[in-house]
Amino acid sequence: MPKARLRYAIAIDAAEYAAGSQDPVIFVFGTSGGAARPFLVRRGWTGPQGSYVEQFRIVETQTRVTRYRSDKRVLELSGEYYSDDFENRVADIKLAAGEYELLFTVDGEVIPSVPVFVAPGPGAVGGPPAVVPSIIDEATKKSELVWLAVAGLPGQSHRPVWHVWHNGALYLVYDGSEQLVPGLAEADSAVVTVRSKDKGGRLVSWRAAVDEVAPGTAIWDDVVPLLVGKRLNSKDGDAASARWARECKVARLSPTGELVDDPANPSTSSQSAPPAPTEAATTTRIPINFNNSHRGFSGRRFGSRSKDVKPEDSKA
């Protein structure tokens, strides 16, 4: 019985494909099981006219472990002399950098695999340089505070942090005895929101690749003195760097080139978040209503005029 034939197949980063690239690469932030940027699985089928059930998997070449499995999909082919193209957009999965294979199954038959490459994304360590819009550089280096939303945390709560902008990247010291940023140590990427210096509102939000700066490295020696100089009211002055090496972390947030929100395409949502859950509670009594209970005022509200005062007497 004649069967469907795969004419071509490619897994490619969605943003790179939109920019005209044809390189079969999926970009991730973090080399060991990081979050993959959205990517496309594009393919073309030919075969006798009719319906076919298709499913595809992304399999790690070395271990043969399936890292992603698509839902089954019914393909409608036009006939032997036609090529029908199909596309799936895949997002919110984690992959480690390395070599993979794209395997298709049609009506229960496994089709020979297609190679797929997973590599660090633009701006990440080991990845290609990112094309960074000028608004990111101009806005971030002028801002004393930025707001971070760490990917994967419930609610994507934004947290204000002080930072240093240096050589096209944002650096901050956090956790331990410094500003707390839950989830950042485990994150591969984060969204940075910068406010307008003039109006105070949200100006631009951009996605960053997150990497830790290790003590004793060249980047540490270059950036930490700048952070020490930026730290206000430090309890140990220039000796703060030693405390940070013992107790804290320093992160490098590199622009990936992706604008999440900018003046040309502003978000229509408020991006407000509910208060974070807390076990804190007050044990004090509810304050007494002073106006209604204080005997000396006979229940009158503050600012009310006494009945004994005539209107013309109050204009003195």
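This is a short talk about two helices and one sheet in the structure above.

Okay, hi everyone. Before anything else, keep in mind that this is a predicted model.

Let's start with the sheet. It's an open one with 3 strands, and the order is 1-4-8, with antiparallel pairing. So which strands stand at the edges? Those are strand 1, residues 5-13, and strand 8, residues 84-90. Each of them has a single partner strand, so one side of each has no neighbour in the sheet. If you ignore direction, neighbouring strands here are turned by 15° against each other on average.

Now look at one pair in there. Strand 1 and strand 4, which is residues 39-46, run antiparallel and are joined by 8 bridges. If you'd like a spot to click on, find Ala11, which sits opposite Val41 in strand 4.

On to helix 2, residues 134-142. Which residues are buried there? They're Ile136, Ala139 and Thr140. Look down the axis of helix 2 and its buried residues fall within an arc of 95°, so they line one face of the helix. And what covers them? Quite a list of strands, including strand 12 (145-150), strand 15 (169-174) and strand 18 (249-261).

Last stop is helix 4, residues 240-247. The buried residues in this one are Ala240, Arg243 and Trp244. Around the axis they cover an arc of only 100°, which puts them on the same side of helix 4. What do the buried residues of helix 4 pack against? That would be strand 13 (158-162), strand 15, helix 3 (218-230) and strand 18.

That's it from me, thanks!

Terms used
Residues numbered from 1 in each chain as written. Predicted model: local features only at pLDDT ≥ 70, side-chain atom pairs only at ≥ 80, totals over all residues. Heavy atoms only, no water. Buried < 20%, exposed > 50% of the residue type's maximum accessible area, 1.4 Å probe, protein only. Helix = DSSP H or I, 4+ residues; strand = E, 2+ residues; numbered from the N terminus. Arc of directions from axis to C-beta. Contact = heavy atoms within 4.5 Å. Pairing = 2+ DSSP bridges. Axes fitted to C-alpha atoms, helices over the stretch in contact; angles between N-to-C directions.
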